[in-house]
Amino acid sequence: MKNLLVTGGAGFIGSNFARYMLQKYPQYQIVVFDLLTYAGNLDNLRAVADDARYTFVQGDICDAAAVRAALRKYRIDTIVNFAAESHVDRSILDADAFLRTNVMGTFTLLQAAKELGLERYHQISTDEVYGWVDKPAVEDDPLIPRSPYAASKASGDLMVNAYYVTHGVPTTITRGSNTIGPYQYPEKVVPLFVTNALENKPLPLYGDGKQVRDWLYVTDHCEAVDVVLHHGKIGEAYNVGGENERENVEVVKMILDTLDKAPDLVRRVADRSGHDRRYALDLTKMRALGWQPRHSFEQALTETIRWYENNAWWWQKIKSGEYREYYEKQYGERLRTSEAVTV
Ligand code: NAD
Ligand code: DAU
């Protein structure tokens, strides 16, 4: 029997993880603790809503009393922290919420884990903490984050390590690469481009489109977290990548080809400020635990595209709300001054 508090479990990866764990472990109880920001969505958890082993609590990870109350009430032994502000472009527009949730929220959870003597605190981190890399990063490389988002996540990692070293909190960290799959909010490039293409709207490609990301399918990410929870070494960090490095132009091309859409939908727009050219991870440490990604880039992207084609109800609801305001702020001027580009 394990009782997991999955913070941020109403977001993209957290909701996939909650469903994954409920399916894999019949004896586990999963309590999703989520503030329901713009990115949190109970539609993501509809499939498990009637499962007696699942509970939803609306709460803020920065609220120490609410966190402690949930830990006590549900006899939690393990926290898996997915809760975060997760979008780089929003952190460039305004970083305030990023520091609050990604730094202070992480600290609040660690402090509670220490006081209540939890069995494990697991932090979901990102390959962006290493910054722009020339060769695949290993876990002991220096953290050189370059965006406010990445800096807030790196700060979280440092605090996790400090609580392990100083207070003996049993921590682990996973640093995942660009994850795709069902229920990803359509601000991130793949769901944004897929849903725009389905609506015959322009695809705003930043700069020269030659930036490289490593693409990971969401169930592979969830499986890696599960492996680290059960077999990872306390106090350690683990890289979780898809071994699918691709330039953005290749990703756009494949989306258009799969959906049979014309290449003139792509518009070159003003670049992201401080745009990292490449993220890449060395997976030796995770492989030693017996894990490796199961999805090729083609499988991961095709499955993701098919999900968005078949679940327009999910993303159309999102795209009609607060999203429009954000879209205008982020892309209005960019698209008005964009140019045609051949991909
Ligand atoms: P997401 O934006 O889809 O979801 C974040 C969730 O956290 C939302 O449900 C939101 O309501 C919740 N949340 C935000 N602030 C909160 C607070 N103060 N208290 C409680 N809940 C709060 O994010 P995601 O893409 O699923 O990412 C999950 C985690 O994985 C993040 O920590 C992110 O940094 C990390 N990560 C993401 C990727 C990726 O490609 N998406 C890759 C590597 C790591
Ligand atoms: O690497 C892991 C990280 O991946 C996670 O930690 C973050 O939470 C997640 O948002 C993601 O960050 P990126 O900045 O890499 O993802 P995003 O989808 O925003 O952008 C991917 C690439 O596509 C990047 O090079 C910027 C480019 N892009 C993005 C958007 C939104 C565009 O060209 N146009 C766009 O409109």
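This passage walks through the fold of a single chain, from its overall dimensions down to a few individual residues. The model is a predicted one, and everything below is computed from it.

Starting with the whole chain, there are 12 helices and 13 strands to keep track of. The radius of gyration comes out at 19 Å, close to the 20 Å that the globule rule gives for 343 residues, so the chain is as compact as a globular protein of that length. Along the principal axes, the C-alpha atoms fill a box of roughly 55 × 45 × 35 Å. Buried residues make up 58% of the 343. Contacts also reach well along the sequence: among those with a separation of 6 or more, 84% join residues 24 or more positions apart. As for the surface, about 14,100 Å² is exposed, and carbon and sulfur atoms supply 50% of that area.

One piece of the fold worth a look is an open sheet of 3 strands, ordered β8-β12-β13, in which the pairing is mixed. The edges are taken by β8 (203-206) and β13 (339-340); each has a single partner strand, so one side of each is left without a neighbour in the sheet. The mixed character shows up strand by strand. β8 and β12 run parallel and are joined by 4 bridges, with Tyr206 standing opposite Val269 in β12. On the other hand, β12 (residues 266-269) pairs with β13 in the antiparallel sense, over 2 bridges. Here Arg268 has Glu339 of β13 as its bridge partner. Back in β8, the side chains split between two directions: Leu203 and Leu205 point one way, Pro204 and Tyr206 point the other way, and all of them are buried.

Two helices lie across this sheet. Helix α8 (residues 248-259) crosses β8 and β12, and its direction makes an angle of about 165° with β8. Helix α12 (residues 323-336) also lies across β8 and β12, but runs at about 80° to β8.

A second open sheet of 3 strands has the order β7-β9-β11, again with mixed pairing. Its edge strands are β7 (178-180) and β11 (245-247), each with a single partner strand, so one side of each is left without a neighbour in the sheet. Ignoring direction, neighbouring strands of this sheet are turned by 45° against each other on average. Within it, β7 and β9 (residues 212-217) run parallel, joined by 3 bridges. The bridge partner of Ile180 in β9 is Tyr217.

Both of those residues turn up again in the surroundings of Thr304, which belongs to helix α10. Leaving aside neighbours within four places in sequence, Thr304 is in contact with Ile180, Gly181, Val190 and Tyr217. Thr304 is buried, with a relative accessible area of 0%.

Helix α10 (residues 297-310) also packs against helix α11 (residues 312-319): the two axes come within 5 Å and cross at roughly 75°. That makes α10 roughly perpendicular to α11. On the α10 side the meeting residues are Trp307, Tyr308, Glu309 and Asn310, while α11 brings Ala312, Trp314 and Trp315.

Two further residues round out the picture. Val227 is found in helix α7 (residues 218-231) and counts as buried, at 15% relative accessibility against a cut-off of 20%. Not counting residues up to four places away in sequence, Val227 touches Gly232, Met286, Leu289 and Trp291. With Trp291 the separation is 64 residues in sequence but 7.2 Å in space, C-alpha to C-alpha.

Phe82, by contrast, sits in a loop, the one between β4 (78-81) and α3 (88-93). Even so, Phe82 is buried, with a relative accessible area of 11%. Leaving out residues up to four places away in sequence, Phe82 touches Val6, Thr7, Gly8, Ile13, Gly14, Phe17 and Ile124. Glu243, which is 161 residues from Phe82 along the chain, has its C-alpha atom 22 Å from that of Phe82.

Terms used. Residues numbered from 1 in each chain as written. Chains lettered and ligands numbered in written order. Predicted model: local features only at pLDDT ≥ 70, side-chain atom pairs only at ≥ 80, totals over all residues. Heavy atoms only, no water. Pairing = 2+ DSSP bridges. Contact = heavy atoms within 4.5 Å. Axes fitted to C-alpha atoms, helices over the stretch in contact; angles between N-to-C directions. Rg over C-alpha atoms; globule rule 2.2 N^0.38 Å. Buried < 20%, exposed > 50% of the residue type's maximum accessible area, 1.4 Å probe, protein only. Areas by Shrake-Rupley, 256 points an atom, 1.4 Å probe, with all protein chains shown as cover. Parallel < 35°, antiparallel > 145°, perpendicular 65-115°, else oblique.
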